Amino acid sequence: MSTVDLRVNIGGLQLKNPVLTASGTFGYGIEFQSFGDLNALGGVVVKGTTLEPRAGNPPQRVVETAAGMLNSIGLENPGVDYFLEHYLPQLRSLGVTTIVNMAGNSVAEYCELAERLQQPGIAALELNISCPNVKAGGMAFGTSEKLVEEVVSQVKEHSRLPLIVKLSPNVTDIARIAQAAEAAGADALSLINTLLGMAVDHRTRRPILGNVVGGLSGPAIKPVALRMVWQVAQAVQIPVIGIGGIMTAADALEFIICGASAIQVGAANFVEPVAAWQIIDGIAAYLKENGMTDIKQLIGSLEI
Amino acid sequence: MISSYDAAILENQQLAPSIWRLQLDVAALAQQVRPGQFVQVRVTNTYDPFLRTPLSVHDCDAKAGTIALLYQTVGTSTHALSRLRPGASVNILGPLGNGFTLPPARSNGNFALLVAGGIGIAPLLFLARELVAKKVSTRLLYGARTAADLTGIDAFEQLGVAVACCTDDGSQGLKGNVVDLLAGYLQSGAAGDVYACGPTPMLRALQQLVRSKGLAAQFSLEAYMACGLGACLGCVVAVPGGGYAHVCTDGPVFKEREVEL
Ligand SMILES: Cc1cc2nc3c(=O)[nH]c(=O)nc-3n(C[C@H](O)[C@H](O)[C@H](O)COP(=O)(O)OP(=O)(O)OC[C@H]3O[C@@H](n4cnc5c(N)ncnc54)[C@H](O)[C@@H]3O)c2cc1C
Ligand SMILES: Cc1cc2nc3c(=O)[nH]c(=O)nc-3n(C[C@H](O)[C@H](O)[C@H](O)COP(=O)(O)O)c2cc1C
Ligand code: FES
């Protein structure tokens with residue numbers, strides 16, 4: 001594999017390969033240490049982190065659906081202080097390219113969080129303005145161009161790290177939201193977060209999730225994600241990270257061909273914990289088979 | 001260490017109308033798994049079913065390098081599992097979870113009361129085997145819907161475990177539920193450490209009973225799981241004082257007073 005160059009630059013974030021693990025699906029990376037070398041991954045995006053610890057939503061929090069799953073975790077996390085004290089030192093000593101996914105209820109909260117995260121060992125920040133599972137903030141920010149501009153430009157002022165803005169698919173025109181984030185100074189975009197969904201038990205006539213609604217992920221959302229990545233990649237100049245239903249190297253390649261400079265592996269980690277590593281190998285093998293020497297030759301190579 | 005194993009199926013046998021026993025050749029796992037731990041089974045390589053299926057380790061033979069799973073066919077995954085035949089293999093992740101806390105070896109005077117409701121019998125055979133090996137006097141109280149649903153009693157009796165049964169319809173043993181069966185047994189002044197697995201309403205009633213009798217108890221819980229690895233944070237159970245514990249990593253076995261059922 002030494003003959004292919006998998007390195008990509010995502011708005012100042014240098015990655016050894018384009019395969020990241022998606023927030024909320026790979027814990028803090030540590031949970032998957034026995035399945036592979038975390039350092040071999042492009043990077044790990046850790047669980048959505050808030051200023052204060054959060055207990056999350058009442059159970060039931062996950063349920064399988066056709067070719068996918070719904071979740072309503074509700075951003076359970078131990079808070080930024082615990083992350084910095086407990087997880088960051090471990091990730092740093094392992095040499096993991098660590099990206100912190102940030103969630104907040106207000107612009108001020110996002111800014112404070114960004115400031116607290118200007119730490120050695122953190123490679124980039126991912127601004128989660130697309131979580132469908134919390135009442136205040138979250139997705140509300142990501143569905144209005146005006147709010148996207150405000151939160152992105154403010155956070156940029158409080159951060160030196162590359163800023164990836166994670167977009168919600170639960171909007172009418174994702175390209176316009178993407179352009180708003182770019183105009184406000186985003187260094188890169190990642191998409192998609194989960195699609196808002198619901199599951200009901202017809203026997204009990206009750207919702208299955210404790211939170212009633214939740215976010216859909218897995219292979220079921222891949223066509224939607226692919227379409228959105230393609231539209232957004234055409235609408236902006238900054239790099240795009242593709243997310244949504246990526247299970248295999250073939251899935252990842254499709255996103256890259258549609259214009260993604262990198263990808264994130266999400267729910268696939270639950271089904272096949274070595275998925276991310278397999279995808280890296282599969283991408284390299286594909287490039288070789290197709291006589292390519294550099295992943296950049298493939299990015300956005302869709303022929304219509 | 002948690003690993004991924006392609007385990008060859010040695011046997012997949014129907015024991016009752018909806019209960020099956022799957023025997024797997026997986027030496028590296030058999031040598032490290034403890035009673036109460038579970039595995040995540042990838043039943044098919046398709047996207048339907050999508051998630052893995054969590055199943056407790058029902059029995060284990062470290063020397064032979066095999067484990068057994070006991071499962072009830074309730075939906076897509078478990079039905080698909082029942083169609084797999086010897087010769088095929090399934091991918092499993094394990095060992096997962098904490099497992100039961102066993103008393104120290106040869107602690108004379110220790111009595112173990114195993115309490116099973118329905119398929120909750122699954123993790124208790126492996127537990128009974130280890131308790132008996134530690135010379136702990138062990139008794140099983142086992143409730144199911146009908147006589148046909150009571151499975152694998154022989155295996156407990158072969159270990160020298162005393163078995164008392166009950167059924168909802170009275171077709172075998174006492175007519176009633178297993179918590180009543182235990183309450184009756186305790187009336188004679190008997191005591192012991194309780195190890196239980198079964199539906200949540202049963203465990204809730206059992207929690208009240210053991211509290212009123214001042215008995216120590218460990219419950220093996222279920223929660224809907226995605227990863228089984230502590231990553232998705234999906235599998236929560238409420239804990240006293242607010243907040244949640246994660247069944248896949250903090251459990252699946254909890255001390256009775258650690259959880260709000
Ligand atoms: C730690 C643990 C150990 C278990 N051990 C056993 C065992 O030894 N034997 C046994 O028969 N069953 C066991 N179960 C339950 C078993 O996992 C479910 O019955 C099985 O997943 C049902 O899948 P299905 O597709 O056949 O049914 P479905 O139609 O999907 O669901 C049937 C029922 O199972 C529950 N369920 C479905 N998927 C999951 C999941 N991923 N996690 C948890 N619950 C789920 C659903 O809430 C529903 O009530 C265990 C569960 C856990 C969490
Ligand atoms: C259980 C679970 C938890 C998630 N938590 C977060 C989170 O904390 N922050 C976030 O930005 N996205 C979160 N996501 C969304 C994923 O990062 C990803 O965008 C989405 O699942 C789509 O990708 P997939 O289809 O590959 O899973 C979560 C997804 C799942 C399934
Ligand atoms: S099942 Fe994913 S954290 Fe427990």
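Here is a walk through a predicted model with two chains to look at, A and B.

Let's start with how confident the predictor is. For the complex it reports an ipTM of 0.95 and a pTM of 0.96. Chain B has a mean pLDDT of 96, with 98% of its residues at 70 or more.

Now turn to chain A. Its backbone is made up of nine helices and 16 strands, along with the loops that you'll meet further down. For 304 residues, the globule rule gives a radius of gyration of 19 Å, and chain A comes out close to that at 18 Å, so it is as compact as a globular protein of that length. If you lay the C-alpha trace of chain A along its principal axes, it spans about 55 × 50 × 40 Å.

What about the inside of chain A? Buried residues account for 61% of its 304 residues. Look at contacts between residues at least 6 apart in the sequence of chain A, and you'll find that 71% of them join residues at least 24 apart. On the outside, chain A exposes about 11,300 Å², and carbon and sulfur atoms supply 51% of that area. As for charges, chain A carries 20 positive and 27 negative ones, and the mean positions of the two groups are 5 Å apart.

Chain B can be read in the same order. It has six helices and 16 strands. With 261 residues, a compact globule would have a radius of gyration near 18 Å, and chain B agrees because its value is 18 Å. Its C-alpha atoms fill a box of roughly 50 × 40 × 40 Å along the principal axes.

In chain B, 54% of the 261 residues are buried. Of the contacts in chain B with a separation of 6 or more, 64% come from residues 24 or more positions apart. The exposed area of chain B is about 10,600 Å², with 49% of it supplied by carbon and sulfur atoms. Chain B has 19 positive and 19 negative charges, and their mean positions lie 4 Å apart.

With the overall picture in place, zoom in on a few spots in the backbone. Most residues other than glycine have a negative phi, and most peptide bonds are trans. Where does this model depart from that pattern?

Begin with the peptide bonds. In chain A, a cis peptide bond joins Leu191(A) and Ile192(A), with omega at about 15°. To find Ile192(A), look in the loop between strand E10 (188-191) and strand E11 (195-198) of chain A. Chain B has a cis peptide bond as well, joining Gly251(B) and Pro252(B), and here omega is about 10°. Pro252(B) sits in the loop between strand E15 (244-246) and strand E16 (253-255) of chain B.

Next come the phi angles, back in chain A. Arg205(A) isn't a glycine, yet its phi is positive, near 55°. Arg205(A) is in the loop between strand E12 (200-201) and strand E13 (206-207). Is Arg205(A) buried or exposed? Its relative accessibility is 75%, so Arg205(A) counts as exposed.

Follow the chain past E13 and you reach Val212(A), in the loop that leads to strand E14 (213-217). Val212(A) also has a positive phi, near 70°. With a relative accessible area of 34%, Val212(A) is partly exposed.

How values were computed. Residues are numbered from 1 along each chain as its sequence is written. Chains are lettered from A and ligands numbered from 1 in the order in which they are written. This is a predicted model: local features need pLDDT of at least 70, side-chain atom pairs count only at pLDDT 80 or more; totals for chains, interfaces and linings use all residues. Side-chain values use heavy atoms; hydrogens and water are left out. pLDDT is the predictor's confidence in each residue, from 0 to 100. Helices (H or I, at least four residues) and strands (E, at least two) are DSSP runs, numbered from the N terminus. The radius of gyration is taken over C-alpha atoms; the globule rule is 2.2 Å times the number of residues to the power 0.38. Buried means under 20% relative accessible area, exposed over 50%, partly exposed in between (1.4 Å probe, protein chains only). Contact means heavy atoms within 4.5 Å. Accessible areas come from the Shrake-Rupley method with a 1.4 Å probe; for residues, only the protein chains shown count as cover. Lys and Arg count as positive and Asp and Glu as negative; His and the chain ends are not counted. The place of a charge is taken as NZ of Lys, CZ of Arg, CG of Asp or CD of Glu.
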